[in-house]
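Trainee: Could you take me through one part of this structure closely? I would like to see how a pair of helices packs, and how that fits into the chain around it.

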Amino acid sequence: MRAASIADVPGAQPRLAPWLFLSPFLLVFLVFTAYPLVQAMVLSLQQTFGPQHTRFVGLRNFQFLFSDPLFWTALRNTVVYSLGSLLIQLPLSLGLAMLLETPGLRGGRLYRVILFSPSLVGVSFAAMIFAVIFEKRTGLLNVALHRTIGWNLDFAWLERHVMPALIVASLWMWVGFNMTYFSAALKNVRRDLLEAAEIDGAGPWRRFLHVTIPEISPVAGFVVLLSMIGSFQLFELPYLLLNSTAGPGNRGMTIVLYLYQTGFENSDLGYASAIGWVLGLLLIVMTVFQRVLVRRSEAA
Amino acid sequence: MRPATLRNSGGVTPRVRVSRTRVATAHVLLLAASGLMLVPFIWLLCASLRPADAFFQDLFLPTRDGHVAFDLLTLASFERLFDMAGFGRSLLNSIFLSSTTAILGTLVAAMGGYALARFRFRGSKACTVLVLAAVTIPGPLLMAPGYQFLYRLGLLDSFWGVILPAIAPAFGVFLFRQAILSAVPQELLEAARLDGSGEVNTFFVVALPLVRPMVATFLMIMFLGTWNNFVGPQVVLQTPEKFPLSVAIAQLKSTYYQDYGLQMAGTLVSIVPVLILFMFLQREFVDGLAAGAVKE
């Protein structure tokens with residue numbers, strides 16, 4: 001009888017059911033995300049030693065943070081890595097996607113699967129592989145480069161050139177992943193625009209610059225943002241490649257690695273939360289900046 | 001809406017010749033790129049089958065007097081690996097953690113997405129905004145307070161401490177909301193209600209089967225994310241018997257730092273299950289991600 005009475009009123013729906021379906025999400029979210037988020041604010045005003053011993057220090061964590069040379073090292077390394085990945089990886093991803101979308105190409109599916117597959121390998125496992133590949137003298141990378149272009153066998157990837165090593169390893173992990181976004185975007189480039197440009201005598205390069213790039217720019221902006229957000233949270237790759245350290249001279253120190261060391265090796269969860277908030281703020285600034293850029297280009 | 005015929009209108013005769021060279025060039029470059037991407041996999045396979053005592057003597061297959069010697073290939077590294085009681089245990093831990101998190105997380109996300117997509121209720125807008133905002137919360141920010149909270153709950157060093165915080169994926173709620181909006185017609189649900197089907201029954205029997213591809217994709221995303229997650233179990237778990245592979249493998253590296261064969265065998269065993277799973281689901285998975293998934 002209840003079911004019939006609901007159907008009698010057009011558009012009327014059970015009132016409790018949606019909350020029943022949402023409640024598991026809301027419950028777990030409130031307990032394990034929202035509450036810790038509030039706690040992160042409280043913690044960032046405290047100095048702690050382990051989870052039990054806390055002391056209120058006000059804004060001194062943030063004050064200290066800005067004069068903490070290690071934090072600036074971490075920030076600089078993170079920025080270097082992010083820009084390096086952005087400038088090297090994303091153009092390659094786009095290039096691969098354009099090759100995949102070549103009209104008349106067969107076997108694209110297989111290439112796609114192969115190029116995508118490294119992104120399935122967890123960072124712990126990728127770090128295991130690359131730790132050996134990056135070895136001096138005996139590692140695959142130096143030996144292969146030595147045999148082909150006379151590269152220095154003693155090039156110390158993990159001792160001195162940590163950021164280039166991280167960029168190379170993450171290139172392998174993510175270039176195919178980002179390619180799938182570009183590939184989807186290229187499928188939606190209007191064929192008639194490209195053909196009109198060709199009829200007007202535009203060469204491939206000008207067609208790329210003036211038709212393809214504007215057509216895919218919304219997706220490209222999204223990929224750039226995702227890539228920056230991901231890069232700014234870099235932690236596990238250096239941590240594991242460098243045997244649970246930040247590397248010699250802290251050359252592999254990143255913001256989240258510093259957060260981890262502070263919170264879980266030095267047991268100062270308060271200072272770690274302050275670092276977390278600064279990271280969160282940086283990410284918010286980037287996101288807003290990207291939104292503004294997108295809006296401006298849409299208005300233009 | 002672009003007419004589909006425009007896509008094929010490029011097949012005019014004079015252009016075919018030009019695009020043939022373009023196709024050939026694309027093949028060459030894509031083959032080279034695919035080859036480079038496969039090198040670490042092939043290297044890993046060879047490294048775990050090479051005799052460990054002469055690990056660095058060869059790059060790929062073992063050689064004797066300058067010739068490839070297949071008879072030198074050995075499973076000894078795998079035998080050492082599984083002789084250690086800990087490793088098989090870690091494999092089981094990974095399977096348990098990943099499947100439990102994937103099933104619970106997918107269920108929670110699908111139910112949440114269903115509520116947001118197919119019910120009009122007070123607060124539904126606020127809930128949608130909450131879900132979208134939750135997607136943007138950076139994980140590292142929750143590390144320290146999350147740890148403290150799990151300590152207070154007494155969930156440190158327990159599997160539930162790893163699983164519970166991971167089963168409310170806001171992004172999944174959003175994905176399921178979109179999938180249900182496009183694949184589950186409101187009229188069908190009303191018809192089911194008219195037939196006297198209860199709400200829970202309607203969800204499981206009518207709505208969920210219509211978004212089966214999303215269920216498969218999201219199970220895979222969650223399984224993979226948990227399998228590959230290092231920092232969660234690293235922070236929460238303390239007893240080595242509870243470590244999943246992602247954490248155990250790093251331990252292997254520090255404990256057996258000279259036994260590269262063992263390390264590479266362990267790495268191979270850790271990545272092969274997800275690669276196989278991916279082979280079965282790759283169509284749904286790649287397309288699902290291209291539809292707008294977030295890099296974990």
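Mentor: Happy to! This is a predicted model, and a good place to start is the chain as a whole: 40% of the 300 residues of chain A count as buried. Chain A holds 13 helices and two strands. Its C-alpha atoms fill a box of roughly 80 × 70 × 40 Å along the principal axes, and the radius of gyration of chain A is 25 Å, where a compact globule of 300 residues would have one near 19 Å. Of the contacts in chain A between residues at least 6 apart in sequence, 69% join residues at least 24 apart.

Now for the close look. Helix α10 of chain A covers residues 204-232 and helix α13 of chain A covers residues 269-299; their axes come within 10 Å and cross at roughly 170 degrees. Angles over 145 degrees count as roughly antiparallel, so that is how α10(A) and α13(A) run relative to each other. On the α10(A) side, the contact includes A:S217, A:P218, A:G221 and A:L225, along with A:M228, A:I229 and A:F232. Facing them from α13(A) are residues including A:L279, A:L282, A:L283, A:M286 and A:Q290. By class, this contact has 11 nonpolar and five polar residues, with no charged ones.

Stepping back out, chain A also meets chain B: 80 residues of chain A are in contact with 82 residues of chain B. Helix α2 of chain A, residues 17-44, gives the most to the chain A side, with 16 residues. That side has 55 nonpolar, 19 polar and six charged residues.

Key. Residues are numbered from 1 along each chain as its sequence is written. Chains are lettered from A and ligands numbered from 1 in the order in which they are written. This is a predicted model: local features need pLDDT of at least 70, side-chain atom pairs count only at pLDDT 80 or more; totals for chains, interfaces and linings use all residues. Axes are lines fitted to C-alpha atoms, for helices over the stretch in contact, and angles run from 0 to 180 degrees between N-to-C directions. Helices (H or I, at least four residues) and strands (E, at least two) are DSSP runs, numbered from the N terminus. Angles under 35 degrees count as roughly parallel, over 145 as roughly antiparallel, 65 to 115 as roughly perpendicular and the rest as oblique. Two residues are in contact if their C-beta atoms, placed from the backbone, lie within 7 Å. Ala, Val, Leu, Ile, Met, Phe, Trp, Tyr, Cys and Pro count as nonpolar, Asp, Glu, Lys and Arg as charged, and the others, Gly among them, as polar. The radius of gyration is taken over C-alpha atoms; the globule rule is 2.2 Å times the number of residues to the power 0.38. A residue is buried if 20 or more other C-beta atoms lie within 10 Å of its own, exposed if 12 or fewer, and partly exposed in between; C-beta atoms are placed from the backbone.
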